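Trainee: Please take one part of this model and look at it closely. Then work outwards until it is clear how that part sits in the chain as a whole.

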Amino acid sequence: QVQLVESGGGLVQPGDSLRLSCAASGPTFTRSYTLAWFRQAPGKEREFLTAINWSKSSTYYADSVKGRFTISRDNAKNAVYLQMNSLKPEDTAVYYCAARPGPEVRGGYNYWGQGTQVTVSS
């Protein structure tokens, strides 16, 4: 079992920056898990944004966020972060942290956080 808890969401204006955090814990969690961020806006499908494995040897970025968002992780803290810059109204969504075992960034994600709301509005 893995527990994931997101934090850092809020209301910001277009062009602003925001940093999301996700803390991982639980009996089965290890640093070898790949960690990722997804988002979902009302009425839209869940979108796979970015992922990073334990060694940081492999990352993934969706075209919608490439160049604006950066994923990072601190293995000593069992945490993953999402630095979001140049935010747009289209970025408004609930952002979810996710995890899967192994080093591959692509594939099904087994564990999910509760989500944190990010709203970008003037």
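Mentor: Ser 86 lies in the loop that links strand 8 (79–84) to strand 9. The model is a predicted one, and the values below are computed from it. The phi angle of Ser 86 is near 50°, which is positive even though the residue is not a glycine. Its relative accessibility is 42%; the partly exposed class runs from 20% to 50%, so Ser 86 belongs there.

A second residue has a comparable description. Lys 56 also has a positive phi without being a glycine, in this case about 65°. Lys 56 sits in the loop between strand 5 and strand 6 (59–61). With a relative accessible area of 47%, Lys 56 is partly exposed because that value falls between the 20% and 50% limits.

Past the loop of Ser 86 comes strand 9, which covers residues 93–100. Strand 9 is mostly covered, and six of its eight residues are buried. Its pairings can be taken partner by partner. With strand 4, strand 9 runs antiparallel and shares seven bridges; within that pairing, Tyr 95 of strand 9 is opposite Arg 39. Strand 11 (residues 116–120) is another antiparallel partner of strand 9, joined to it by three bridges. There Val 94 faces Gln 117 of strand 11. Strand 10 (residues 111–112) also runs antiparallel to strand 9, with two bridges, and Ala 98 is opposite Trp 112 in strand 10.

Two of these residues, Arg 39 and Trp 112, lead on to another loop. Leaving aside residues up to four places away in sequence, Arg 46 touches Phe 38, Arg 39, Gln 40 and Trp 112. Arg 46 belongs to the loop between strand 4 (34–40) and strand 5 (47–52). Its relative accessible area is 49%, which makes Arg 46 partly exposed, as the exposed class requires over 50%. Pro 27 is 19 residues from Arg 46 along the chain, and their C-alpha atoms are 27 Å apart.

One more strand pair can be added, from the start of the chain. Strand 1 (residues 3–7) is joined to strand 3 (residues 18–25) by five bridges, and the two run antiparallel. In this pair Leu 4 is opposite Ala 24 of strand 3. In a regular strand, side chains point alternately to the two faces of the sheet. For strand 1, the covered face consists of Leu 4 and Glu 6, while Gln 3, Val 5 and Ser 7 make up the uncovered face.

For the chain as a whole, the count is 11 strands and zero helices. The C-alpha atoms occupy a box of roughly 40 × 25 × 25 Å along the principal axes. The radius of gyration is 14 Å, in agreement with the value near 14 Å for a compact globule of 122 residues. Of those 122 residues, 41% count as buried. When contacts between residues at least 6 apart in sequence are taken, 56% of them join residues at least 24 apart. The accessible surface comes to about 6200 Å², and carbon and sulfur atoms account for 48% of that area. The chain has 13 positive and 9 negative charges, whose mean positions are 6 Å apart.

Key. Residues are numbered from 1 along each chain as its sequence is written. This is a predicted model: local features need pLDDT of at least 70, side-chain atom pairs count only at pLDDT 80 or more; totals for chains, interfaces and linings use all residues. Side-chain values use heavy atoms; hydrogens and water are left out. Helices (H or I, at least four residues) and strands (E, at least two) are DSSP runs, numbered from the N terminus. The radius of gyration is taken over C-alpha atoms; the globule rule is 2.2 Å times the number of residues to the power 0.38. Buried means under 20% relative accessible area, exposed over 50%, partly exposed in between (1.4 Å probe, protein chains only). Contact means heavy atoms within 4.5 Å. Accessible areas come from the Shrake-Rupley method with a 1.4 Å probe; for residues, only the protein chains shown count as cover. Lys and Arg count as positive and Asp and Glu as negative; His and the chain ends are not counted. The place of a charge is taken as NZ of Lys, CZ of Arg, CG of Asp or CD of Glu. Two strands pair if DSSP finds at least two bridges between them.
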